[in-house]
Amino acid sequence: MSYDPSVSFQKSNLTLRLKGDFTYRNIHRNITFGEQPTDIWDIAYGINGTYKFPWDITFNTDLTMHSRRGYTDAEMNDNRLYWDASLTKSIHQGQWVIKLRGYDLLGQVSNLRYSINAQGRTETWTNSMRRYALLTISYRFSQKPKKEDK
């Protein structure tokens, strides 16, 4: 079962969005593996925001708390607060865009993920970059089609 509500607010140059994601899982299995849980909750909630400054500068941010509950093992019940932010500057009517983006500003990303399904507990390792910044410069060009002489 899953539910993901959200509500947005906008006033002039500010846009805010409150978001949530609630997932409930009940596991049924024929074979018992120790004291494995049967009712698991994955909860995520947070806020997204955008503010447009003068001089074509935009600030975006996303702050989200991820929580897992219902596991008998304490290391699987965790809270992680993720925060990403970016600053964008548009130049020459949007033809050039410079963006500085920071990922995982609080250092909460983990490359280890625990999960439980009907067969038992699984630990998954993935390659992930923790806490980094990325600077991008992009150029957009467009060319109008030539008019044909008749």
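Four salt bridges were counted in the predicted model. One of them joins the side chains of Asp62 and Lys19, with an N to O distance of 2.9 Å. This pair links distant parts of the chain, as Asp62 belongs to strand S5 and Lys19 to strand S3 (residues 14-26), 43 residues apart. Both partners are partly exposed: the relative accessibility of Asp62 is 24%, and that of Lys19 is 21%.

A salt bridge is also formed between the side chains of Arg25 and Asp42, at 2.8 Å from N to O. Here too distant parts of the chain are linked, with Arg25 in strand S3 and Asp42 in strand S4 (residues 39-53), 17 residues apart. The two residues fall on opposite sides of the 20% limit for burial. Arg25 is partly exposed because its relative accessibility is 27%, whereas Asp42 has a relative accessible area of 17% and is therefore buried.

Arg80 and Asp78 form a further salt bridge, in which the closest N and O atoms are 3.4 Å apart. Arg80 is partly exposed, at a relative accessible area of 24%, while Asp78 is buried, at 16%. These two residues do not stand alone, since a network of salt bridges links Arg68, Asp78 and Arg80.

The overall architecture consists of ten strands and zero helices. Along the sequence, the pattern reads β-β-β-β-β-β-β-β-β-β. Of the 150 residues in the protein, 19% are buried. The exposed area is about 11,400 Å², of which 56% is supplied by carbon and sulfur atoms. Among contacts between residues at least 6 apart in sequence, 44% join residues at least 24 apart.

Ser67 is located in strand S5 (residues 57-69). Its relative accessibility of 9% is under the 20% limit, so Ser67 counts as buried. When residues up to four places away in sequence are not counted, Ser67 touches Trp41, Asp42, Ile43, Asp78 and Asn79. Two of these neighbours, Asp42 and Asp78, take part in the salt bridges described above. With Asn79, Ser67 forms a polar contact of 2.6 Å between side chains. The C-alpha atoms of Ser67 and Ala44 are separated by 6.2 Å, although the two residues are 23 apart along the chain.

Trp83 lies in strand S6 (residues 79-91). With a relative accessible area of 31%, Trp83 is classed as partly exposed. Apart from neighbours within four places in sequence, the residues in contact with Trp83 are Thr61, Asp62, Leu63, Gly102, Tyr103, Asp104, Leu105 and Leu106. Asp62, in this set, is the salt-bridge partner of Lys19. The side chains of Trp83 and Thr61 make a polar contact at 2.6 Å. For Tyr103, which is 20 residues from Trp83 along the chain, the separation of the C-alpha atoms is 6.9 Å.

Strand S6 also contains Ser90. The side chain of Ser90 reaches the backbone nitrogen of Gly94, at a distance of 3.3 Å. With neighbours within four places in sequence left aside, the contacts of Ser90 are Asp56 and Trp96.

Five aromatic pairs were identified. In the pair of Tyr51 and Phe53, the ring centres are 4.7 Å apart and the planes meet at 70 degrees, so the arrangement is edge-to-face. Both residues are partly exposed, with relative accessible areas of 32% for Tyr51 and 39% for Phe53. Tyr139 and Phe141, by contrast, form a stacked pair, with 6.2 Å between centres and 20 degrees between planes. Tyr139 is partly exposed, at 42% relative accessibility. Phe141 has a relative accessible area of 64%, over the 50% limit, and is therefore exposed. A single aromatic cluster comprises Trp96, Tyr139 and Phe141. Through Trp96, this cluster is in contact with Ser90 of strand S6.

Conventions:
Residues numbered from 1 in each chain as written. Predicted model: local features only at pLDDT ≥ 70, side-chain atom pairs only at ≥ 80, totals over all residues. Heavy atoms only, no water. Helix = DSSP H or I, 4+ residues; strand = E, 2+ residues; numbered from the N terminus. Buried < 20%, exposed > 50% of the residue type's maximum accessible area, 1.4 Å probe, protein only. Contact = heavy atoms within 4.5 Å. Polar contact = N/O pair within 3.5 Å; in protein donor to acceptor, adjacent residues only side chain to side chain. Areas by Shrake-Rupley, 256 points an atom, 1.4 Å probe, with all protein chains shown as cover. Phe/Tyr/Trp six-rings, centres within 6.5 Å; stacked < 30°, edge-to-face > 60°.
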